[in-house]
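User: I'm new to this one and would like to know where the empty space is and what packs the inside. Can you take me through it?

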Amino acid sequence: MQSVIHVNLPQNSYEIAIATGSLDKLGAWMSGEESKPLNLGKKVLLVSNPAIFKRYGERAIASLTAAGFEVASCILPAGEQYKTLTSLQKIYNLALENRLERSSTMVALGGGVIGDMTGFAAASWLRGINFVQVPTSLLAMVDAAIGGKTGVNHPKGKNLIGAFHQPRLVLIDPDVLKTLPPREFRAGIAEVIKYGVIWDADLFAKLEQSSRLDQLRYLEEEILQIILKHSCQAKAIVVGKDEKESGLRALLNYGHTIGHAVESLTGYKSVNHGEAVAIGMVAAGQIAVDIRSWNKAAAERQNELIKKAGLPTKLPTGLDVEEIINSLQTDKKVESGKVRFVLPTQIGAATVTDRVPPDVLRQVLWQMQ
């Protein structure tokens, strides 16, 4: 499997390379042997978490070293609860210790949490240095690693501290998915379903044709190729048209408004990002049905896909509806005090609105308990 997708921006365009076995050629991709020259400096800080580094760190470092890079590593605790300014300080400390310069590069080897933190560190170190994404989770491959959104969480909300900072390269090796825990694979499928609902009806139909979506081992190679390529293309097109989320890119937040509230209120522990997005999509879909912008049959098709992927369709036990509604006010997408929701209009299309009646929102959440 190999394909290259271009993210075309007015400045800082880059490639998403999907290539089986590419982890062992990371140095070659970064040095320009496998792609166009990136003109990166020699110093690299590789950022990962203990489990990922144990599995893939030596291979990544060996590849970088063979290509002539000088590599240091930074290992951060795993988990959304560690996506904080405290963790960021460790990256900065090692950047200083290893004398990273403006030509140097930070490489994120891991999932969305590592990618977000490494990207923000790169955006803010010396007012911005190079950054390469090497995603190891499905969720990061199809979503988090693409588009330049970086940041850390505030105790009161997800990703409230951050910056837009595009990577120089996104290198995806599908082989690493073979060691991804099934729950994390399912979390990634949530984002894939999102693309199908808001953008790509053909992708949605392909997912419906698959007998199972809950584990990688049940997926045919062709379906995995479609999932990776179609999802990356959708993200690349949207980011290319709206880099800083002033309009179209807001559609990518489908399911995330309520999803982020669920993550935050559960302390980023009992519900992972993909599970929260799945819950948010069910809620947003029902809101769309209730205000008559989407039909019930389409909503049921979406919910069946979510169930097929082994993802939740109900709120976590004990979560208070009023707390969720209050939490929505701290969402990044609030404008003039109004919460904006992404709502589907048909399979493959959606819109953004701030006109969801409070009683409809409350009723939908109550029904999901």
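User: What volume does the second largest cavity have?

Analyst: Keep in mind that this is a predicted model. The second largest cavity comes to about 50 Å³.

User: Why is that one counted among the cavities of 30 Å³ or more?

Analyst: Its volume is about 50 Å³, and the cut-off for the count is 30 Å³ or more, so it belongs among the two that the structure holds.

User: Which residues line the second largest cavity?

Analyst: Asn253, Gly255, His256, Thr257, Ile258, Gly280, Ala284, Phe341 and Val342 do. H9 supplies the largest share, three residues, while H10 and strand E10 (341–346) each give at least two.

User: What makes the lining of the second largest cavity free of charged residues?

Analyst: Only Asp, Glu, Lys and Arg count as charged, and the list above holds none of them, so the split is four nonpolar, five polar and no charged residues.

User: And what about the largest cavity: what is its volume, and what lies nearest its centre?

Analyst: That one has about 110 Å³. It has 13 lining residues, with Gly157, Lys158, His260, Thr330 and Asp331 nearest the centre. Strand E8 (157–164) and helix H9 (256–265) each give two or more residues to that lining, and H9 has the largest share with four. By class, the lining has three nonpolar, six polar and four charged residues.

User: What lines the second largest pocket, and how much space is in there?

Analyst: About 250 Å³ of space lies in it. Among its lining residues are Val282, Gln286, Lys296, Glu300 and Met368. Helix H11 (296–308) is one of the elements giving two or more residues, and H11 has the largest share, six. The classes here are three nonpolar, four polar and five charged.

User: How do you know that Cys232 is buried?

Analyst: Buried means under 20% relative accessible area, and Cys232 has 0%, so it qualifies. Cys74 also comes out at 0%, so Cys74 is buried by that cut-off too.

User: Which residues have the most contacts inside the largest nonpolar core?

Analyst: Ile16 and Met30 do, in a core of 104 residues. H10 gives the most to this core, eleven residues. Beyond its neighbours within four places in sequence, Ile16 is in contact with residues including Val4, Ile146, Ile172 and Cys232. Cys74 sits in a second, separate core of 23 residues, which also includes Leu76, Leu100 and Met106.

User: How many disulfides are there?

Analyst: The count is zero. A disulfide needs two cysteine sulfur atoms within 2.5 Å, so no pair here meets that cut-off.

Notes. Residues are numbered from 1 along each chain as its sequence is written. This is a predicted model: local features need pLDDT of at least 70, side-chain atom pairs count only at pLDDT 80 or more; totals for chains, interfaces and linings use all residues. Side-chain values use heavy atoms; hydrogens and water are left out. On a 1 Å grid over the protein atoms alone, a cavity is a set of points where a 1.4 Å probe fits but cannot get out, and a pocket is an open set with protein on both sides within 12 Å along at least five of seven lines; lining residues have an atom within 4 Å of a point. A nonpolar core is a set of buried Ala, Val, Leu, Ile, Met, Phe, Trp, Tyr and Cys residues joined through side-chain atoms within 4.5 Å. Buried means under 20% relative accessible area, exposed over 50%, partly exposed in between (1.4 Å probe, protein chains only). Contact means heavy atoms within 4.5 Å.
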